[in-house]
Amino acid sequence: MTYYENDGDGRRGEVVPDLTFTIQADDNNGEYVKLKSSPDDGSPVAAVAEPSSPARRSVLWYWVKMVVLFLCLGFLAVVVLVWVGPYFIDKEIIPIINWETKTFSTPVLTVLVFASVALFPTILLPSTPSMWVAGMTFGYGFGFLIIISAAAIGVSLPFIIGSIFLHHKIEGWLEKYPKKASILKSAGGGNWFHQFRAVAFIRISPFPYLVYNYVAVATNVKYGPYIIGSLVGMVPEIFVAIYTGILIRTLADASHEKHSLSAPQIILNVAGFCLTVATTILITAYARKRLDELQREEEPLLQ
C-alpha cells in the first residue's frame with residue numbers, strides 16, 4: 001500500500017511501508033501454514049492453504065491401496081486362467097459354444113443378439129450374457145455396433161412404456177424412497193447438458209440399469225439427454241462385456257485344442273483383466289462422486 005505525507009514545507013512525499021513476512025506452521029491444523037507480518041506488528045496477515053505431510057501421506061496411501069488392489073486382481077486372474085477357467089469351460093462353456101455353432105448361423109445369431117439386447121430390458125431380464133455372446137462371435141468392432149444400436153431400443157422402450165402407463169405408480173414408488181429418489185431427480189433439473197451428464201453418471205454408477213429404464217420417466221428428464229446420456233454411460237459396460245466374451249472364447253479355444261496358454265498370452269490376458277476391472281472401479285467411483293455433487297447442487301432447487 002502507498003500513501004502520501006506532507007512535510008514541513010507543504011510538499012507531499014511518497015511513503016511506502018516496509019513489510020516483512022514470516023512463515024509459521026500452524027500446530028493445530030497440519031493442512032495450513034500462516035503468513036505473519038514482522039515481529040514489530042505481530043498480527044496475522046493471511047492464511048494460505050498448503051498441502052502438508054498428512055495430505056501427502058493420504059495421497060501416498062491411496063496409491064498404495066491401488067497397487068495392492070491391482071496385485072490382488074492379478075493373482076485372482078492367474079487363478080482363474082490357469083485352474084478355475086479351464087475346468088469350468090470344459091464342463092459348461094464349450095458345450096454351449098458347440099451347440100450355438102451347430103444350431104445358429106451367423107446372420108441368425110446376429111438377429112438373436114440384437115433382439116435380446118433390445119427387448120430383455122423391457123421385461124427386466126439382464127442382457128449381459130447376450131453381450132458376451134456378441135464378444136465371442138463378433139469381437140469389438142461389429143459386436144459393439146450391434147450392442148449399442150440394440151441398447152438404444154432397450155433403453156427407449158421402457159422409457160416410453162413408463163411414460164404412458166406407469167408414470168404415477170413410479171412417482172409413488174419414488175416417494176417411498178426419498179434418499180434414492182433425490183439422486184435420480186437430480187437428472188431432471190437444469191439444462192440439456194446437465195441432464196445428459198447426470199444420466200450418463202447414473203448409467204456408469206452402480207444404480208440398477210433395468211430399474212432406471214423405468215424410473216427415469218418420473219424425474220422429468222427429457223428423452224434427448226436421456227437416450228444420449230444412457231448410450232454414453234453404457235460404453236464402459238459394453239466394452240467390459242465384449243472383452244469378457246473374447247476372453248471366454250480364447251480360453252475355450254485353448255481348452256478345446258488341449259493346449260495351455262503361452263506365457264505371453266497369460267500375461268496379456270491377466271494385464272487386460274486387471275486393467276479392465278481397475279478402470280471399471282475408477283470410472284464407477286468417479287461417477288458416484290460426480291452424482292453426489294450434482295445431488296448437492298440440486299437439493300436447494302428440489303426443496
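**Close-up 1. W63 on helix α1, an exposed tryptophan.** In this predicted model, W63 has a relative accessibility of 54%. Since the cut-off for exposed is over 50%, W63 counts as exposed. The residue sits in helix α1, the element that spans residues 53–103.

**Close-up 2. The nonpolar surface patch around W63.** Zoom out a little from W63 and you get a nonpolar patch on the surface, made up of V59, Y62, W63 and L282. Together these four offer about 410 Å² of accessible area. Helix α1 is the main contributor here, with 3 residues. As for L282, this patch member falls within the range of helix α9, residues 263–302.

**Close-up 3. The second largest pocket and the helices around it.** This one has a volume of about 280 Å³. Its lining counts 13 residues, and the ones nearest the centre are P236, E237, V240, T280 and T284. Which helices each supply at least two residues of that lining? They are α3 (128–165), α6 (192–204), α8 (223–256) and α9 (263–302). The largest share belongs to α8, with 6 residues. Chemically, the lining is a mix: 6 nonpolar, 5 polar and 2 charged residues.

**Close-up 4. W132 on helix α3, and T244 across from it in sequence.** Back to a tryptophan, this time W132 in helix α3. Buried, exposed or partly exposed? W132 comes out as partly exposed, because its relative accessibility is 33%, and the partly exposed class runs between the 20% and 50% cut-offs. The view also takes in T244: the C-alpha atoms of W132 and T244 are 6.2 Å apart in space, although 112 residues separate the two in sequence.

**Close-up 5. R249 on helix α8, paired with V133.** R249 is part of helix α8, the helix that also gives the largest share of the lining of the second largest pocket. With a relative accessible area of 28%, R249 is partly exposed. Its partner in this view is V133, which is 116 residues away in sequence and 9.2 Å away in space, going from C-alpha to C-alpha.

**Close-up 6. Where these views sit in the chain.** To place the close-ups, here's the overall layout: the chain has 9 helices and 5 strands. Reading from the N terminus, the order is β-β-β-β-β-α-α-α-α-α-α-α-α-α. Of the 303 residues, 35% are buried, in contrast to the exposed W63 of the opening view.

Methods:
Residues are numbered from 1 along each chain as its sequence is written. This is a predicted model: local features need pLDDT of at least 70, side-chain atom pairs count only at pLDDT 80 or more; totals for chains, interfaces and linings use all residues. Side-chain values use heavy atoms; hydrogens and water are left out. Patches are made of residues with over 30% relative accessible area and no salt bridge: like charges are joined within 9 Å, nonpolar side chains (Val, Leu, Ile, Met, Phe, Trp, Tyr) within 5 Å. Accessible areas come from the Shrake-Rupley method with a 1.4 Å probe; for residues, only the protein chains shown count as cover. A salt bridge is a side-chain nitrogen of Lys or Arg within 4 Å of a carboxyl oxygen of Asp or Glu. Helices (H or I, at least four residues) and strands (E, at least two) are DSSP runs, numbered from the N terminus. Buried means under 20% relative accessible area, exposed over 50%, partly exposed in between (1.4 Å probe, protein chains only). On a 1 Å grid over the protein atoms alone, a cavity is a set of points where a 1.4 Å probe fits but cannot get out, and a pocket is an open set with protein on both sides within 12 Å along at least five of seven lines; lining residues have an atom within 4 Å of a point. Grid points are joined across faces, edges and corners, and a volume is the space filled by probe spheres set on the points. Ala, Val, Leu, Ile, Met, Phe, Trp, Tyr, Cys and Pro count as nonpolar, Asp, Glu, Lys and Arg as charged, and the others, Gly among them, as polar.
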